[in-house]
Amino acid sequence: MTIIVCPGIHEKELTDKFVMAWKDSVINSVQSANSINILICPVELYSALSGFHILQFLHQNLGEKLESPVIFVCFSAGVVGAIAAASSWQLLGGKVKAFIAIDGWGVPLWGNFPIHRMSHDYFTHWSSKILGSGENNFYADPAVDHLEMWRSPQKVQGWWVDSSVGESLSQQSLTAAEFLHRLLVQYEEN
């Protein structure tokens, strides 16, 4: 399985911190950690908004391995380019196991694959749902700074929400990193 990380428009160090925190608290605890390939889109070379360039990056790194399942983990402006790339990858025959949008506020998210939103506060969570979201989503509570979601997911406390059964019935308290871990385990098993 390959995880495609699509950063937003920010310093590269924030993405490095996200990947390091995520590896420490999420990836290393998954049974097939050795078979997980993490690819970070080099947004310093092109715009995070460009689905074309992200798709080109996928072709350069995965070649014609369309059958190899990918999970997109995207942040902020990176969500814009990544959703276009994920849809295109699938149209070309690729397998998108899941799409995780971290603070992609205002970005419409629809696809023929599971979609999850993670938001830095309840307002962002609530107002983004009308633009498409999956059943399992996360929002920080207490609210945190937008960049904190990316910098330190292991420190962001919040709620897992299953929108299919109603928010008030299905909330579970956990960190953003734990939410990502549970999603990864779920898609590893399927």
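Student: Is Trp160 buried or exposed?

Tutor: Good place to start, and note that this is a predicted model, where local features need pLDDT of at least 70, side-chain atom pairs count only at pLDDT 80 or more, and totals for chains, interfaces and linings use all residues. Residues are numbered from 1 along each chain as its sequence is written, and side-chain values use heavy atoms, leaving out hydrogens and water. Buried means under 20% relative accessible area, exposed over 50%, and partly exposed in between, with a 1.4 Å probe and protein chains only. Trp160 has 10% relative accessibility, so the residue counts as buried.

Student: How many aromatic pairs does the structure hold?

Tutor: Rings of Phe, Tyr and Trp (its six-membered ring) pair if their centres lie within 6.5 Å; planes under 30 degrees apart count as stacked, over 60 as edge-to-face and the rest as tilted. By that rule, the number of aromatic pairs in the structure is seven.

Student: Is the pair of Phe18 and Trp150 stacked or edge-to-face?

Tutor: Happily, the geometry is clear. Their ring centres are 3.9 Å apart and their planes are at 5°, so the pair is stacked.

Student: How many residues apart in sequence are the parts that Phe18 and Trp150 tie together?

Tutor: Helices here are DSSP runs (H or I, at least four residues), as are strands (E, at least two), numbered from the N terminus. Phe18 sits in helix α1 (residues 12-25) and Trp150 in helix α5 (residues 148-151), so the pair joins parts whose separation in sequence is 132 residues.
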